[in-house]
Amino acid sequence: MNKMYYRIRNSIKKSLLDLLQILDNVNLDGIVEYIRKNNCKNIITMAGAGISTSAGIPDFRSPGTGLYDNLQKYNLPHPQAIFELDFFHENPKPFFVLAKELYPGSFKPTVCHYFIKMLAEKDLLLRHYTQNIDTLERVAGIPDDKIVEAHGTFYTGHCLGCRYKYSLDWMKERIFKDEIPVCEKCPGVVKPDIVFFGENLPDRFHILIGKDFPKCDLLIVLGSSLIVQPFASLIDRVEPKVPRLLINHEKAGHQSGIMSLLGMSSGMDFDSKDNTRDVFWCGDCDEGCQLLADKLGWGDELREMVKREHESIDQSTCESKQTDKKISDTKNKDEPKDKEEAGPPPQNEDSKKP
Ligand SMILES: [Zn+2]
């Protein structure tokens, strides 16, 4: 009788564990098996500054190389002031000096960006949520409808007076001439659509999170320390049976003690013995994505895509420099010699390297 009881009990326990066993192996191989076995079609990727650092874009927060540490020259009351609307109304100059330094177009997307593009091309990507304002997702060619720029973008701008919309090129022309972009319809300043402190996140973010996350069948978090809200809490919007992979230099998004005591699912759960869904891969986003692609059998395809796309960016940069030079040569011929030389502004590539 006792034997029978234990046999039934053990078999029920095993079936329950099987039911709860989301990944057979709680590592990158387990994620690869899961993608294959479950025929994932609704992958959501979430990205932070870590996916753009290898492109040479400075991280906002790292000490020494972080952007905030390099803002002293602008005489700000405090570093964050550069992204505060009140200060911007008072003195927009420091923001535009910084914007010129960070301006999209001077950087190449990373392996990680192209991995996300590859997911989209293979029809596996439901959406890419990014905290970054560098527009490298768009440069990489991830389709616009797949991207949610949670903290806004330099891609468009609006007049703070009349809300008239301006393009990246329109703003860039003025910012690179060290001018403050002023509206053509009114005297308002045109601010790129990046989200400043105290501003609401874009409507697109709020609308799409409600639709996307219940459908998600795999969540991949890339290069984010999962600190800034409400972005960080998105990881809890996927169903409890959905695996979550974090590729980052350190563990992030941990379960908070209070929330778990209250019985609310909250945060990543890498270290508990019951964890069969949360995978942490420690390291560089480019290496992690290339390894994942290799394991999925897409490694060479990704390497070729990066090579081809980078060559094409190099070629168009070279062509636009030649065009700029031609324009400048023509101008110099027409204008007196002592005029300041026109042409493309210096890029200071070296100063941007981390
Ligand atoms: Zn205006």
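**Note on the predicted structure**

1. Helix α2 and its cover. Among the elements that cover the buried residues of α2 are β7, β8 (244-248), β9 and α10. The structure discussed here is a predicted model. Helix α2 comprises residues 28-38, and its buried residues are Ile31, Tyr34 and Ile35. Viewed down the axis of α2, these buried residues fall within an arc of 100°, so they line one face of the helix. Arg36 and Lys37, on the other side of α2, are exposed. Just after the helix, Asn39 adopts a positive phi of about 55°.

2. Overall content. The protein contains twelve helices and nine strands. It has 354 residues, of which 31% count as buried. Considering contacts with a separation of 6 or more, 66% are made by residues 24 or more positions apart.

3. The sheet of six strands. Strands of a sheet pair through backbone hydrogen bonds, either parallel or antiparallel. One open sheet in this model has six strands in the order β3-β2-β1-β7-β8-β9, and the pairing is parallel. Its edge strands, β3 (147-149) and β9 (278-282), each pair on one side only. From one strand to the next, the twist averages 15°.

4. The pairing of β1 with β7. Which strand is joined to β1 by five bridges? It is β7 (residues 218-222), which runs parallel to β1 (residues 43-47). The reader may locate this pairing through Met46, whose bridge partner in β7 is Val221.

5. Thr45 in strand β1. Is Thr45 buried or exposed? Thr45, a residue of strand β1, has 27 C-beta neighbours inside 10 Å and therefore counts as buried, since the threshold for a buried residue is 20 or more. Leaving aside residues up to four places away in sequence, Thr45 touches Ile116, Leu119, Leu125, His128, Ile220 and Leu222. Thr45 and Arg127 are 82 residues apart along the chain, and their C-alpha atoms are separated by 6.6 Å.

6. Helix α5 against the sheet and against α10. Helix α5 (residues 111-121) lies across β1, β2 (125-130) and β7, and runs at about 150° to β2. Helix α5 also packs with helix α10 (residues 285-296), at an angle of about 35° and with the axes 8 Å apart. In this contact, Val111, Cys112 and Phe115 of α5 meet Cys285, Asp286, Cys289, Gln290 and Ala293 of α10. By class, the residues of the contact are six nonpolar, one polar and one charged.

7. The sheet of three strands. A further open sheet has three strands in the order β5-β4-β6, with antiparallel pairing. Its edge strands are β5 and β6 (190-194), each of which pairs on one side only. The twist averages 40° from one strand to the next. Three bridges support the antiparallel pairing of β4 and β5, and His158 stands opposite Lys165 in β5. Helix α7 (residues 168-175) lies across β4, β5 and β6, running at about 75° to β5.

8. The annotated cysteines. Which residues does the UniProt annotation "binding site" cover? According to that unreviewed entry, they are Cys159, Cys162, Cys183 and Cys186. The four span 28 residues in sequence, yet no two of their C-alpha atoms are more than 8.4 Å apart, so they gather at one spot.

9. Cys159 and Cys162 considered in turn. Cys159 lies in strand β4 (residues 152-159), whereas Cys162 is found in the loop between β4 and β5 (165-167). Cys159 has 20 other C-beta atoms within 10 Å and is therefore buried; a residue counts as buried at 20 or more such atoms and as exposed at 12 or fewer. Cys162, with 12 C-beta neighbours inside 10 Å, therefore counts as exposed. Setting aside residues up to four places away in sequence, Cys159 touches Tyr164, Cys183, Lys185, Cys186, Gly188 and Val190. With the neighbours up to four places away again left out, Cys162 touches Cys183, Lys185, Cys186 and Gly188.

Note on methods
Residues numbered from 1 in each chain as written. Predicted model: local features only at pLDDT ≥ 70, side-chain atom pairs only at ≥ 80, totals over all residues. UniProt positions renumbered as here; feature names shortened; annotations may be inferred. Helix = DSSP H or I, 4+ residues; strand = E, 2+ residues; numbered from the N terminus. Contact = placed C-beta atoms within 7 Å. Pairing = 2+ DSSP bridges. Axes fitted to C-alpha atoms, helices over the stretch in contact; angles between N-to-C directions. Nonpolar A, V, L, I, M, F, W, Y, C, P; charged D, E, K, R; others polar. Arc of directions from axis to C-beta.
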